[in-house]
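Student: Please take me closely through one part of this model, the open sheet, and begin with how far the prediction may be trusted.

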Amino acid sequence: MTLTLDTPQLVKTQPLLVARNVSKSYGAVHALRDVSAVVYPGEVLGIVGESGSGKSTFLRCLNLEETPDSGSYTLDLPDVQGNLFDLDRYARRMLCATRIGIVYQNPHLGLLMHHSSSGNVAERLLVAGERRFAVLRDKASAALDASEFPLDRMDAPPVELSGGMQQRVQLAKAIALEPALLLLDEPTTGLDVSVQALVLDTLKRLQQDRRITMVIVSHDLGVIRTLSDRVMVMRRGQVVETGLADQVFQDPQHAYTQQLVHAKL
Amino acid sequence: MTLKSLTRAWEPMSYGFLDGSAKREIRRKMLKAIAVPGCQIPYASREVPMARGWGTGGLQISCTLIHPAMRIKVIDQGADDSVNAASIRNFLARVSGAPVTMDTLQADLIQSRHRIPEERLRADQILVLQVPNPEPLRSVQPNMSIARQMHADADYGRMWLQLYEQIVRSGRVMQGASYPSLVNGRFVMTPSPIPRWDVPKLNMAQHLTILSAGREKRLYAVPPFTRVAPLVFDDVPYRVEDHGHLTCQRSGAAGYFMNEIPQADGTSTFEVSDSELGVKTIRKAEGAPAHIGRTWYENGRLVQ
Amino acid sequence: MTMILDVRSLSKGFTMHHLSTTMAAFDDVSFSLHAGEFLLLKGRNGAGKSTLLRTLYRSYLAASGQILFHASHGVIDLARAADVDVTYLRRTEIGFVTQFLTPRPRVSAEALVAEPLRLAGIAAPDALDQARHWLNAFGVKPALWPAYPTTFSGGEQQKVNLARALILPQRLLLLDEPTASLDVSARAALIARLAELKAAGTAMIGVFHHPGDVAELIDRTLDLTPAPIQQKDRADVVV
């Protein structure tokens, strides 16, 4: 059963993020086929799917790390125009550094492991042009605090921290500049359950307090269900189903989604 | 017309040691470097009769610029009398017939390793600095291809982060020599391993500075009257070495960059690093004719 | 009276791909509801009472029919409304009270209760004050307020759940057996709160095991027991 839903009637705001028909192949492998997504300001979109479904590739496209073969991507922000996939390297870097935050599954991708934690956060501010040491310290500690990172450890290098703490440093770095869009790639995968709960709690709190628009990729349905307003299910590079989080989990329409939901413990 | 009238007579060696095409290449690259201040320009870096890492970069620039009327001064860490400085000076004189001098004021071309003379350089003088490692981003980005992209994007966040880290760990900026500096508001360069004391001398200087790394095959320039700003946080001021209050134990010169000489009893004495300045100070004290020019620092303070 | 909900020939079935079958839940349901009205859903087990509530809330997608909700901004068909609109309405105008709390790990009872207010944009200290007030009203001991409800007994969890679901007055409230596993005093508090909300104009649709509990609130009854539905076709056990 397919069901096309109408365009919003009540919510008049423009979507923050619109990605249309994003396709990407590596040789004969179609990593993404016509993937489209719309995210409204303050909304949390969860993307689920098994390994190789293309969900992380799509997220990397949204972070402009990857350029798809075709498709468009726009963000409704002042001074940001046109298809972001067409931006040159410099414009991409500035946009990502100032407007988009990302938390990777692997902290090594997002952090300088041997620099101080506060320095990792400060780097974002430095790229954005902050040149006052005292302000860097203040803003870095505020961001670390918002990520519920213990401030007495703020100058410890991430290599000396636990996995959960490393994710908090990544999160602090991602939110230090109050990004318009926060991307999370398997933010809790590989953490043990109690630490996972803490990180989820932090994310939930950020969502409530700051209404940050987020896109979360995870193969863990529990994580997606806890954090997302809406869910997009991907399989073999394609979107098989999108809908409200509780609807997708309670009344999955597509055979694959039903399989996925039923397989959850 | 004979063939002989169209060609030059055979010579055992080109003037200034380097062959004409090598000099032409370096001249072009120097012009390019002057046009884009602080930007590292690659060049071929020929063989010279000296091991790489001993000043071959500076030597090639000097060999290219030299002409028979050009007075040459060569210093090594401020001293005219070190073995390396003396060898380079002798070599340059031999291959060009150019006169040599130790007096900064009389030199037209100054090739230097790791120091800028204390006496102010004029618009008609050229300073050639030997550079061991021209890439300021090397410590933060070991991949040189990416480092080059970072220069292109003016992506210097990591450089600043390095300073941040030093302040966090040690309470102050620990970078001593080779203090990264922003040239003309665009490129971050390493000013070669000159002490922090010397970096402000490059800012809006009258003279042309050419920096050249022979082993790394890169040259770059600070043209006259170009802004050179050491990277520094707005609220953490740039500090030069604390030498302003020191006095040279041999010459009595005070308020300049000093060499520290440890003593057997654990204390230290100091000698002025710019050796010819020390010599001139002694001569002056003895009543001999010696003219000391205006210096960048007076009474231990930088004069703008 | 202000119309709140106008349901027109609503049907719902579940396609179960792994069995290659479709199970009907309810068929051709129509009714309307006005502000301050309380509609009781009746019908034997499996008649689709809970399914209807969830379809109205858009946790389930309707197969056909219309759910015209008269929102404060205009009329919208919940069966086909865009996801963002539904999210927005859930945050501001439509409440759902379930039988069970879904506690989140390491989130305190009071924070959980305050959440709807926080999402509605109320400042944290204010929201927390109101949350404590309602936890108290439903008889949750103050010692438990900062504790994590994950470990609470079923009864205590349900009180937290009710406080959370009823803290923010809504235009439409869907009640799915909220009295199950409640003690007498909490039940009285619940009925008092419902009566208060009803008087303020909230329209309610409820499923109750013991409708006697809320007898004085009931305005109308809708019987969902249709003849053709067989016990084997029970659909509300799918998920």
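Tutor: Among the elements of chain A, helix H7 (residues 193-210) of chain A has the lowest mean pLDDT, 81, and strand E7 (residues 213-217) of chain A has the highest, 94. Here pLDDT is the predictor's confidence in each residue, from 0 to 100, and helices (H or I, at least four residues) and strands (E, at least two) are DSSP runs, numbered from the N terminus. Chain A averages a pLDDT of 88, and 97% of its residues score at least 70. This is a predicted model, in which local features need pLDDT of at least 70, side-chain atom pairs count only at pLDDT 80 or more, and totals for chains, interfaces and linings use all residues. Residues are numbered from 1 along each chain as its sequence is written, while chains are lettered from A and ligands numbered from 1 in the order in which they are written.

The open sheet belongs to chain C, where five strands with parallel pairing follow the order E6-E7-E8-E3-E9; two strands pair if DSSP finds at least two bridges between them. Strand E6 (94-97) and strand E9 (220-223) of chain C are the edge strands, each pairing on one side only. On average, neighbouring strands of this sheet are turned by 20° against each other, direction ignored; the axes are lines fitted to C-alpha atoms, for helices over the stretch in contact, and angles run from 0 to 180 degrees between N-to-C directions. Within the sheet, strand E3 (residues 38-42) of chain C runs parallel to strand E8 (residues 203-207) of chain C, and three bridges join them. C:Phe38 has C:Met204 in E8(C) as its bridge partner.
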